[in-house]
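This briefing is intended for a reader who has the sequence and coordinates at hand. Please consult the structure shown below alongside the text.

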Amino acid sequence: MTSRELDAAGIADPDLRAAYVRCRALNARYGKTYFLATRLLPLARRPAVHALYGFARWADDIVDALGTGDTRDDRAQQLALLGARLERGLREGHSTEPVVHALADTARRHTIDHQHFTDFMAAMRSDLDVTDYATYADLRAYMHGSAAVIGLQMLPVLGTVVPRAEAAPHAAALGVAFQLTNFLRDVGEDLDRGRVYLPADLLAAHGADRELLLWSRRSGRGDKRITAALRAAEDLTRGVYREAAPGIAMLEPASRPCIRTAFVLYGGILDAIAEGGYAVVHRRAVVPLRRRLTVAGDGLARVLRARLTAGAAAPPHRDAAVPAAAVAEESR
């Protein structure tokens, strides 16, 4: 499966192939929802997506460093080293660090603006010290680097049928929508890390604050003020999805099923949060397996229709399908 992706992308150098394989493994392990959707992309486009998401997940893992015993200074040092390797890799087009090597190659092949990577690393560094956000505007400024730029990095890989600048705001909004969804799903886990990504002004508007969230997490008890704040955060997030939605039709037809599937899968997390009574302070919301299978099946059908429309009526590669086993693994 991986070899076919690399062959289709024209990646022949053994070291570079190994670097992309490493990124694919990171994407599969940490970004399971998007990894599932990525399998609906044409083979040749997948390695670049794995490089972009694999690098992002690696940096994020350094910041969280759960269970490692690393101090804040340890993580800052690791991020600084990664940033230096990234800067050099982007400048020279290669790196001895595999993940950076694949990322640099992807940036070169697809002419991705290096500023997007600079902004991303700045957001990762801020996570070492910033543990909450006073307003949604403050959070949105952070998410420019942590999420919006991921959507912007993806655009050259996915391709557009309109000028890229026209699609860019929607791509950025989709990255933000995905991250807001993750923030809602992970409220309890983020509290354990000492972070609150729900803006303080949104919480305060419903009589909630960090201390109330911590009390609820520790006691296992709910509170109607928290529920009201979470419902408001859900509404806000759905508004960002509406900002992003027009961008799907601006992508090249071959890329639309992947992004549409990711759009629906992540939106399904919001549905699961609501259906679970907004209990995310205590447990993660999970989209039912049957629903994931339905979405994945619809995505595959869209892939087949896109190929037929393009005149490529030959049977798809076996790994273009999304096997039930992959969806089951992603749902755990």
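The points that follow cover overall make-up, model confidence, helices, aromatic pairs and salt bridges.

The structure is a predicted model. The protein has 16 helices and zero strands, and 52% of its 332 residues are buried. The mean pLDDT is 88, but over residues 312–332 the pLDDT stays under 50.

**Overall make-up**

- Secondary structure in the protein amounts to 16 helices, with zero strands.
- Among contacts with a separation of 6 or more, 71% join residues that are 24 or more positions apart.
- About 14700 Å² of the protein is exposed, and carbon and sulfur atoms supply 54% of that area.

**Model confidence**

- A pLDDT of 70 or more is reached by 84% of the residues of the protein.
- Residues 312–332 have pLDDT under 50 throughout, and the model gives them 44 contacts beyond four places in sequence.
- Predicted coordinates should not be read in detail where pLDDT is low.

**Helix α9**

- Helix α9 covers residues 164–185, and its 22 residues should span 32 Å at 1.5 Å a residue.
- The end C-alpha atoms of α9 are 31 Å apart, which agrees with that expected span.
- Of the 22 residues of α9, 18 are buried, so the helix is largely enclosed by the rest of the structure.

**Aspartate 64 in helix α4**

- D64 belongs to helix α4, which comprises residues 46–64.
- The relative accessible area of D64 is 17%, and D64 is therefore buried, the cut-off being under 20%.
- Beyond its neighbours within four places in sequence, D64 is in contact with three arginines: R75, R193 and R195.

**Aromatic pairs**

- Eight aromatic pairs are found when the whole structure is searched.
- One of the pairs joins Y133 and Y142, whose ring centres are 5.4 Å apart; their planes stand at 35 degrees, so this pair is tilted.
- Y133 and Y142 are both buried.
- Y142 also pairs with Y197, with ring centres 6.0 Å apart and planes at 25 degrees, so that pair is stacked.
- Y142 lies in helix α8 (residues 136–158), whereas Y197 lies in the loop between α10 (187–192) and α11 (200–204); the pair therefore ties together parts that are 55 residues apart in sequence.
- Y142 has a relative accessibility of 7% and counts as buried.
- Y197 likewise counts as buried, at 7% relative accessibility.
- A single aromatic cluster is formed by Y133, Y142, F183 and Y197.

**Salt bridges**

- The structure contains 22 salt bridges.
- In one of them, E5 is bridged to R46, with the closest N and O atoms 3.2 Å apart.
- E5 is in helix α1 (residues 2–8) and R46 is in helix α4, so this pair ties together parts that are 41 residues apart in sequence.
- Both partners, E5 and R46, are buried.
- E97 forms a salt bridge with R85, in which the closest N and O atoms are 3.6 Å apart.
- E97 sits in the loop between α5 (72–92) and α6 (98–110), and R85 sits in helix α5, so the pair ties together parts that are 12 residues apart in sequence.
- E97 is buried, at a relative accessible area of 15%, whereas R85 counts as partly exposed at 35% relative accessibility.
- R217 and D192 meet through their side chains in a salt bridge with an N to O distance of 2.5 Å.
- R217 is located in helix α12 (residues 210–219) and D192 in helix α10, so the bridge ties together parts that are 25 residues apart in sequence.
- R217 is partly exposed, with a relative accessible area of 26%, while D192 is exposed, with a relative accessible area of 54%.
- A network of salt bridges links R185, D186, E189 and R284.

Methods. Residues numbered from 1 in each chain as written. Predicted model: local features only at pLDDT ≥ 70, side-chain atom pairs only at ≥ 80, totals over all residues. Heavy atoms only, no water. Phe/Tyr/Trp six-rings, centres within 6.5 Å; stacked < 30°, edge-to-face > 60°. Buried < 20%, exposed > 50% of the residue type's maximum accessible area, 1.4 Å probe, protein only. Helix = DSSP H or I, 4+ residues; strand = E, 2+ residues; numbered from the N terminus. Contact = heavy atoms within 4.5 Å. Areas by Shrake-Rupley, 256 points an atom, 1.4 Å probe, with all protein chains shown as cover. Expected span 1.5 Å × (residues − 1). pLDDT = per-residue confidence, 0-100. Salt bridge = Lys/Arg side-chain N within 4 Å of Asp/Glu carboxyl O.
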